[in-house]
Amino acid sequence: MKPHRRKKLGIIIFITLGLSAAVGLTLYALKQNINMFFTPTQVAEGEVPDGQHFRIGGMVKDGSIAREEDSLSVNFVTTDFVSEVPIHYVGILPDLFREGQGIVAEGRVDSSGVFQASKVLAKHDENYMSPEVKAALDAAGTGAQGVMPSEGYKPSY
Amino acid sequence: MWLWFAKLGSPKWFYELSTKWLPWLVVATVLVIGTATVWALLFLPPDYQQGYTSRILVVHVAVAGTSLAFFPLMAVAGTITLVWKMKLADMVAKNAAALGAWFSFITLATGSIWGSVSWGTWWEWSDSRLVSMLFQFFLLLGVVSLRSALEDTDKAAKACALLSIVGCINVVIIKYSVEWWNTLHQPASPVSLQSGSANGPEFWIATALMILGVYLFLSVSLILSTRNEILQRERRALWVKEMIAAER
């Protein structure tokens, strides 16, 4: 390779590495701001300032959904299997909302410790299967859980 | 090896070779995308949670994955332009930018439609996967407008090459956004070879075919637009004049 070409290539590589490092450090510093939601454990540990509007992500606890007969009001509990946060929401829930499902809710915690959600979104995990497979796995007792939207969680099978 | 490299950069050589290969590529593209579409619409089983909505993902995953190839492709072409000043590399890079913008747009559109049903929202500004993909769309539009803003072809080529190399950083962010931060968007699915398990072959074969088909489509579009670009930029070259004279 001719010297002037080698020099140009060197400059390009230098610029790329330098910019990558700058962007990498910026993103690392902003990590908490880029995360979409807090987990119930983070909320329980008081990482969220009082009265702040934020998002919470967790599983809908089995058997915790209670709907009111004459309105769209619904109460349920979200959990990461360490801590739990009760949620109250009025409105139409997404198709995938069910017990054992990962959800992300947006709102704030009121004075009685209930998370008043203005929006509830359902998460879908990276596992796709047909209803027959799901039924077979459930019968074998190794059925995949709904997704737990938290770091480090792996479905148990 | 360097002789081969130099030959590859010759627009004339590329034009003649692509004339021979293009019909085969077009046939392969139509066959593969056709098979994948029929498979996805007739044989793909419904997902246990989403039902048939999961069929949108065949297109979404294929186009999204392919859209990540544009910046690396443009960066390689850009490096060749900057270091070796090869004309052909810049012609490919020029057309890749606009095509990449379309791919990003289709990714965002199909993802939005799927999300509106499954997540309950068309768009979430707080999700890093969604926002970094939108950023790639704007960045590609930026490369396109940067080129049309600069009149000097050489200067435009250099500026776009640099922007393409820098844009590769965003591709890494898009790819790992779902692992580095918690997001609404699900991470990439593991592929299971065992039929009848989660993510078994019955789920990913249609998507795998579609990925191959979309890559073929990308090659065909890129070759066609590069051929146009060659004719336009080399219109004063003897071989182009002779070819056009022969066709008349």
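The exercises below, each with a worked solution, concern a predicted model.

**Exercise 1. Describe the secondary structure of chain B and the extent of its C-alpha trace.**

Begin with the elements: the secondary structure of chain B comes to nine helices and zero strands, and read from the N terminus on, the elements run α-α-α-α-α-α-α-α-α. Turn next to the dimensions, where the C-alpha trace of chain B spans about 65 × 35 × 35 Å along its principal axes. Then consider burial, for which the result is that, of the 248 residues in chain B, 52% are buried. Finally, look at the contacts in chain B between residues at least 6 apart in sequence, of which 73% join residues at least 24 apart.

**Exercise 2. Place L218(B) in chain B and find out which residues L218(B) touches.**

The first step is to locate the residue, and L218(B) is found in helix α8 of chain B, which covers residues 201-233. The second step is to judge its exposure: L218(B) has a relative accessibility of 9% and therefore counts as buried, since the cut-off for buried is under 20%. The third step is to list its neighbours, and, leaving aside residues up to four places away in sequence, L218(B) touches T66(B), F70(B), L99(B) and F103(B). As a last step, set sequence against space for another residue, P11(B), which is 207 residues from L218(B) in sequence and 19 Å from L218(B) in space, C-alpha to C-alpha.

**Exercise 3. Work out which salt bridges link helix α5 of chain B with helix α8 of chain B, and what else joins them in a network.**

Start from the total, which is 10 salt bridges over all chains of the structure. Take R233(B) and D90(B), which form a salt bridge whose closest N and O atoms are 3.2 Å apart; this pair links distant parts of the chain, with R233(B) in helix α8 of chain B and D90(B) in helix α5 of chain B, 143 residues apart. Of these two partners, R233(B) is partly exposed, at a relative accessible area of 27%, while D90(B) is buried, at 5%.

Continue with K94(B) and E229(B), whose side chains meet in a salt bridge of 3.2 Å, N to O; here K94(B) lies in helix α5 of chain B and E229(B) in helix α8 of chain B, 135 residues apart. The relative accessible area of K94(B) is 33%, so K94(B) is partly exposed, whereas E229(B), at 7%, is buried.

To finish, put the residues together: D90(B), K94(B), R147(B), E229(B) and R233(B) are linked in a network of salt bridges.

**Exercise 4. Decide where the partners of the salt bridge between E234(B) and K87(B) lie, and whether each is buried or partly exposed.**

First, note the geometry, in which the side chains of E234(B) and K87(B) meet at 3.3 Å, N to O. Next, assign the positions: E234(B) is in the loop between α8 and α9 (238-247) of chain B, K87(B) is in helix α5 (residues 87-118) of chain B, and the two are 147 residues apart. Last, compare the accessibilities, by which E234(B) is buried, with a relative accessible area of 11%, and K87(B) is partly exposed, at 47%.

**Exercise 5. Characterise the contact between chain A and chain B.**

Count the residues first: the contact takes 41 residues from chain A and 44 residues from chain B. The area buried between the two chains is about 3,900 Å², and carbon and sulfur atoms give 60% of that area. Then look at the interactions across the interface of chain A and chain B, where one salt bridge is found, formed by K119(A) with E124(B), their closest N and O atoms being 2.9 Å apart. Between chain A and chain B there are also 12 residue pairs in polar contact.

Several elements of chain A give two or more residues to the side that touches chain B, including β5 (102-109) and β6 (115-122), and α1(A) gives the most, with 10 residues. By residue class, this side of chain A divides into 21 nonpolar, seven polar and 13 charged residues.

**Exercise 6. Explain why C160(B) and C168(B) form no disulfide.**

The search of the whole structure finds zero disulfides over all chains. For C160(B), the closest cysteine sulfur is that of C168(B), and because the two sulfurs are 14 Å apart, they are too far for a bond; a disulfide needs sulfur atoms within 2.5 Å. Checking from the other side, the cysteine sulfur closest to that of C168(B) is in C160(B), again at 14 Å. Separately, C160(B) counts as buried, at 1% relative accessibility.

Notes. Residues numbered from 1 in each chain as written. Chains lettered and ligands numbered in written order. Predicted model: local features only at pLDDT ≥ 70, side-chain atom pairs only at ≥ 80, totals over all residues. Heavy atoms only, no water. Buried < 20%, exposed > 50% of the residue type's maximum accessible area, 1.4 Å probe, protein only. Contact = heavy atoms within 4.5 Å. Buried area = accessible area lost by both parts, 1.4 Å probe. Salt bridge = Lys/Arg side-chain N within 4 Å of Asp/Glu carboxyl O. Polar contact = N/O pair within 3.5 Å; in protein donor to acceptor, adjacent residues only side chain to side chain. Helix = DSSP H or I, 4+ residues; strand = E, 2+ residues; numbered from the N terminus. Nonpolar A, V, L, I, M, F, W, Y, C, P; charged D, E, K, R; others polar.
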